[in-house]
Amino acid sequence: EGRITSSLRFYETTFIIFRTAWHTPRGGEVPVDVIKQLGPMALGSRLKRLTVRMNKDVSRVYRELNIDFQARWFPVAYLLSQKSPMAITEIAAALGYTHTAIKSFANEMIRKGLLEAMRDPADGRKRMLRLSKNGRRVVADLTPVWEDVWEVAYDLVDGSDPNLLAAIRSVERQLDQQEVYERIREKLRPRMLARIEILEYKAAYKKHFRQLNHEWLAQHFRVEADDETVLADPVGQIIRPGGAVLFAKIDRRIVGTAALIRHDQDLFELAKMAVAPDARRRLVGTKLALAIIDRARTVGAPELWLETHPKLKPAQRLYETLGFTRVTGSPIPAKFRRARIVMRLKL
């Protein structure tokens, strides 16, 4: 009788959940999260969903660091960095994964040049795996990032409740407030900024000033006559009148540039900032903008102006985080056909 009552209660609850979930939301209503509604019954699905969510953000960080690596490969790469070579069956046993899953990961990592496969000298039928030279380099590059990921994961778990479902709920709530991606980026930020070297203009960098700006303008707009005038003569157009042209360097490569243009005694503009496509999202623009702001303060500028375009939302968000605010009207004459948003930073 007790089992029948329990079963009836289960099916009644399940029916209510699915009836609610499949109800077509009206305008403004939020659809029901069925996985959450099912509670312990969907624990495996909920944990898998959480894993996918976190791995997606970690892999996003790898991409923006220009490291060709997937978060799902981490256990295999880490294990082989500690003990190598190992057979697929050994790896599967050590990680608690299926042989099929490890074989799939291994094939993906071999194609990416991260692993090497060989035959066991003692048993030619056994396939052994080890990190390749490139794989060891990637692991070395990722080790400090993994430490940041570990801290973020620890903070999420440490901030959760003792009850498992409550703990998962707490982790999801924390991720709703700030995703893993943002949490890791905060950890990475000081190290990423430290890697960027800011350099003063010199003749050898003139080609980078022109090339980076040409590339950026061609991607978003078009190069106009006034652009060409400035890009062809940064010394005469910017530096001699009291401005500056700065460059960002990462790993012996110029990846960004920005200029401080002095229009008159008290009118200064942040302009001609461009970053190489593969260096974006690596805080290059942030460090260049900070360097220009610092230079403007050094020369006694009372405020710093800039012009951006309405469609460049990431740029607008960057400038807002640095303290710039949108204003109507500008003391800077309009030289270009492209639309502009004017922003000002009081120094």
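**Entry 1: strand E5 and its partners**

I began at Glu200, which stands opposite Leu246 in E5. The model I am reading is a predicted one. I then looked up the pairing to which these two residues belong: strand E4 (residues 197-200) and E5 run antiparallel and are joined by 4 bridges.

I turned next to the pairing of E5 with strand E6 (residues 253-262). These strands also run antiparallel, with 7 bridges joining them. As one pair of partners I noted Val245 and, in E6, Ala259. E5 and E6 form a hairpin with 2 residues between the strands, and there I found Asp251 with a positive phi near 50°.

I asked how many residues of strand E5 are buried. I recorded 6 of the 7 residues in the range 244-250 as buried, so the strand is largely enclosed by the rest of the structure.

**Entry 2: the open sheet**

I looked up the sheet that contains E1, E2 and E3. It is open, its 3 strands follow the order E1-E3-E2, and the pairing is antiparallel. Strand E1 (86-87) and strand E2 (115-120) are at the edges with a single partner strand each, so one side of each has no neighbour in the sheet. I kept in mind that strands of a sheet pair through backbone hydrogen bonds, in a parallel or an antiparallel sense.

For E1 and strand E3 (residues 123-131), I recorded 2 bridges in the antiparallel sense. Met86 stands opposite Leu129 in E3, and Ala87 stands opposite Met128 in E3.

For E2 and E3, I recorded 6 bridges, again with the strands antiparallel. The two strands form a hairpin with 2 residues between them. Asp120 stands opposite Asp123 in E3.

**Entry 3: helix H11**

I asked which residues of helix H11 (residues 225-232) are buried. I noted Asp227, Val230 and Leu231 as buried. They cover an arc of only 95° around the axis, which places them on the same side of H11. An α-helix has 3.6 residues a turn, so residues three or four places apart point the same way.

I then looked up what covers these buried residues of H11. The cover includes helix H10 (206-220), helix H12 (234-239) and strand E7 (268-275).

**Entry 4: the second largest pocket**

I looked up the second largest pocket and recorded a volume of about 500 Å³. Its lining consists of 22 residues, and those nearest the centre of the pocket are Asn55, Val58, Phe74, Val149 and Ala153.

I asked which helix gives the most to the lining of this pocket. H7 does, with 9 residues. Helix H3 (43-64), helix H4 (74-82) and helix H7 (133-158) each supply at least two residues of the lining.

I also recorded the character of the lining of the second largest pocket: 16 residues are nonpolar, 5 polar and 1 charged.

**Entry 5: Ala140**

I remained with helix H7 and looked up Ala140, which has its place in that helix. At 48% relative accessibility, Ala140 counts as partly exposed, because the exposed class requires a value over 50%.

Lastly, I looked up the separation of Ala140 from Ala276. The two residues are 136 residues apart along the chain, and their C-alpha atoms are separated by 25 Å.

Key:
Residues are numbered from 1 along each chain as its sequence is written. This is a predicted model: local features need pLDDT of at least 70, side-chain atom pairs count only at pLDDT 80 or more; totals for chains, interfaces and linings use all residues. Side-chain values use heavy atoms; hydrogens and water are left out. Buried means under 20% relative accessible area, exposed over 50%, partly exposed in between (1.4 Å probe, protein chains only). Two strands pair if DSSP finds at least two bridges between them. On a 1 Å grid over the protein atoms alone, a cavity is a set of points where a 1.4 Å probe fits but cannot get out, and a pocket is an open set with protein on both sides within 12 Å along at least five of seven lines; lining residues have an atom within 4 Å of a point. Grid points are joined across faces, edges and corners, and a volume is the space filled by probe spheres set on the points. Ala, Val, Leu, Ile, Met, Phe, Trp, Tyr, Cys and Pro count as nonpolar, Asp, Glu, Lys and Arg as charged, and the others, Gly among them, as polar. The arc is that of the directions from the helix axis to the C-beta atoms. Contact means heavy atoms within 4.5 Å.
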